[in-house]
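Student: Before we discuss any details, may I have the structure in view? I should then like to work through its cores, its loops and its backbone geometry.

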Amino acid sequence: MKAYQSYTVRPRLPESLSGLRTLANNLWWSYTPDGRELIRRVDRDLWEHSGHNPVAMFGMVSQQRWQELAEDESFRQHLDRVMANFRSHMEAETWFARTFPEAADRTIAYFSFEYGLSEALPLYAGGLGVLAGDYLKSASDMGVPVYGVGLLYQVGYFRQYLNPDGWQQEEYSESDFHAMPVEPVTCEDGSPLCIQVPIGERSVTALVWRVDVGRVSLFLLDTNCEANVPGDRKITYQLYGGDLDMRIRQEMLLGIGGVEALECCLDTSPSVFHLNEGHAAFLALERVRRAMVDHNLTFDEAVEATRVGNVFTTHTPVVAGHDRFPRALVEKYFKRYYPQLGLTLDQFMALGREPGEGASDSFCMTVLALRFSAWRNAVSKLHGKVSRAAWSELWPDVPESEVPILSVTNGIHVGSFISDDMATLFDRYLGIQWRTEPGDQSIWERVAQIPEAELWRAHERRRERLVAVARRRLRSQLEQRGSGATDLAHAEEALDPEALTIGFGRRFATYKRSTLLLRNPERLRALLTDRDHPVQIIFAGKAHPDDRPGKEFIRRIVHFSSDPEVRQRMVFLEDYDLRLARYIVQGVDVWLNTPRRPMEASGTSGMKVTANGGLNCSILDGWWAEAYTPQTGWAIGRGEEYDDPEHQDDVESEALYTLLEREILPLFYDRGGDGIPHRWVARMKSAMQAICPAFNSNRMVGEYVSRFYLPGIRLTARLSASNFQRARALAAWRDQLKLRWPQLRFVEITDDIDEVTYFGDRITVRADVALGGATPDDVQVQLQFGGVESSGEIVAPRTTQMEYVGPSAEARHLFEGVIECDGTGRWGYTVRVLPSHEDLASPFDTGCILWAE
């Protein structure tokens, strides 16, 4: 039965408790221990029942309970203290304001398909969303003027449960936005703000909602409104649901609609747009279209004006994992759009077409984002190398090592994942600065001052808490599957609060190899049943609904763990989400990560474990490839890559068993007379000191600001000044350069290399270059040199600029450079010409490069 009229009923809070409503609607509380504890005090049972959602919980609290709290002086004082801290956070001078006063009036837009901010707002599926959530929290902490943009999904990602055979089932429950920490954006007359987004032949209406994350606002688009036809109402129904037809409409809404939403919600347009993955790449085209309309620019001029303000972060190391849309689908939904850019369908398709003879006639969102962003990065150093290799064909003739995809290694928002026990310990011995300045190495050096007994006991309490939670959830799972009394009784005794506990929690994609430990079942069984050195394993994670191999991995784990001999030592916990993830990362002793190198872009769960006193045992992939040292954890293998996956699994599973048997278990159970594993605790401290200051999201956001945002802000301002005069000039220069470049050639290259060259000698190299119609100011001539392999390739070449000497003849010019012989062995050099322009973000983006042959 459809409602004749709908309305929202809110809880009636006593006036003295009105601050609770402010807190509930700002997710600052979710990553502030004192804020969390205050809300938990309202009603601890309802806190759990509501899924840690204060807005929903407040609606369940009786008026009698509200009155009791209003009369509770201790509670009111707690509320006053939290509200004072909240106001201080919102009003205090920030890192960004102190460091970059010249950018005080500039803003950054951050677009992401998912956000993992809190379990109270289920808009995430995995690591990409959690990373985006941590980014916004750190941006708030640091005062970076960021506005987030995303979609408000009616059901979000699925809830997971297993059938009696261990096969994953999916359950979808609709969200009540009015019982979540999200508010509709309204117009001046109080009516909900609606925007219109052209998608195919129709104009789709989207409501705009706002989530407050400390100082930062996140705008979310919602098409589930009566103005839309049923098919369009479903666009924001489900995260990662539907087919390609649904995906392209979602990505048009995010990219094109997101730009429109910001236009309506903000007084000025952001200077920089950050694309967190390729899902939002259509925003680059919408920015071009608006620049053409608003400032009477050509397509090429608008590209120059906007590209310098686009930052693109890729998270996917597997080329097949990037979104691609067939030509027919692109034509269907962009038929009315690409003519506004002055393009034909073929020209439009070329914007997202992958190079190479084997490239299919499809539109790749990652290619679009790479071409239309001046700043591009992967999310770890190894992932940067993988990404440069994967997309090198977009920059032909550019050495793979110089492909302009940099790396900014991911980090975590420490306050969001650290346990209250460990946070209290840090406050006592590190000072509260670890919260506000987590990147300060000197603060984390104070970990050495924490008494071993206190650190170990804090960690033990979290392991005990994890075991209690696991038992509760395991019993609930078995009840849902209809298990008998015997199985339920075993669930009450599962796991040992004192045993070495290994955690494995992540998306069950096959490349993550969740079943690597099951490679040799008998060897694993021996580890699990060892009475002297007991080990136990907690698995958790979801497979994509369409990923049958991933679901089979879960089933295999469940079947193995149901063996009466091991079921007390190995469990699979259903419905992995942020709440369960916190319990696991706070309580495990060892975090296991077994991706097939180099397919893990970064990973961040292991960073959370370290902050809570756990240690990592991982393949050298993603972030661990740059974080690992023998003092901070364990490496499975030495970073080898294999052509034969079966052989790789055999070798690396054996290496894992050996690590557990010979190093990890003996170290954990090597106890002093006081019962403390002193060498283990020493490694805990070493890991915290090395990893926490380097792998946190404040450091990550600071890198984005200094390396990409500030240069983007400055270039955007330059190119847009005086009615985009410099953008117009840059586009004209680039057009002329492409016409003239084929005329460039090396006439002669000479050097003064002696028959015998000694360490410390200087070699002068001269290049006589015919520039055609170009001028010396249009180019830069570079000398590259270094050690030479037997193949003749220069290894890790160094680059130096050659100085302009003067004209050598008509249309010919002489350049000179010097090589310092600071190494011995077989060396070599080469010379190249690149474009040069003061407004060019990267010379490689011109597609022009001339090498000496």
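Tutor: A residue is called buried under 20% relative accessible area, exposed over 50%, and partly exposed in between. Please keep in mind that this is a predicted model.

Student: Does Asp397 count as buried or exposed?

Tutor: Asp397 belongs to the loop between H16 and E14. Its relative accessibility is 56%. Because exposed means over 50%, Asp397 counts as exposed.

Student: What is the phi of Asp397?

Tutor: Most residues other than glycine have a negative phi. Asp397 is not a glycine, yet its phi is positive, at about 75°.

Student: How is Glu400 classed by its relative accessible area?

Tutor: Glu400 is located in the loop between helix H16 (381-390) and strand E14 (406-407). Its relative accessible area is 42%. Because this value falls between the limits of under 20% and over 50%, Glu400 is partly exposed.

Student: Which residues is Glu400 in contact with, leaving aside its neighbours within four places in sequence?

Tutor: The C-alpha atoms of Glu400 and Lys385 are separated by 8.4 Å, with the two residues 15 residues apart along the chain. With neighbours within four places in sequence set aside, the contacts of Glu400 are Arg388 and Ala389.

Student: Arg513 has a positive phi of about 50° although it is not a glycine. Is Arg513 buried or exposed?

Tutor: Arg513 sits in the loop between strand E15 (500-505) and helix H23 (521-528). Its relative accessibility is 3%. Because buried means under 20%, Arg513 counts as buried.

Student: Which peptide bond is cis, with omega near 10°?

Tutor: Most peptide bonds are trans. The cis bond leads into Pro598, a residue in the loop between strand E18 (590-593) and helix H26 (605-611). The bond in question runs from Arg597 to Pro598.

Student: Which helix supplies the largest share of the largest nonpolar core?

Tutor: The largest nonpolar core has 177 residues, and those touching the most other members are Leu20, Phe111, Tyr135, Leu136, Phe282, Phe334 and Phe348. The largest share of this core, 15 residues, comes from helix H30 (residues 697-740).

Student: How many residues form the second, separate core?

Tutor: In soluble globular proteins, nonpolar side chains tend to be buried together. The second core is separate and includes Val414, Phe539, Ala543 and Val558. Its size is 72 residues.

Definitions and conventions: Residues are numbered from 1 along each chain as its sequence is written. This is a predicted model: local features need pLDDT of at least 70, side-chain atom pairs count only at pLDDT 80 or more; totals for chains, interfaces and linings use all residues. Side-chain values use heavy atoms; hydrogens and water are left out. A nonpolar core is a set of buried Ala, Val, Leu, Ile, Met, Phe, Trp, Tyr and Cys residues joined through side-chain atoms within 4.5 Å. Buried means under 20% relative accessible area, exposed over 50%, partly exposed in between (1.4 Å probe, protein chains only). Helices (H or I, at least four residues) and strands (E, at least two) are DSSP runs, numbered from the N terminus. Contact means heavy atoms within 4.5 Å.
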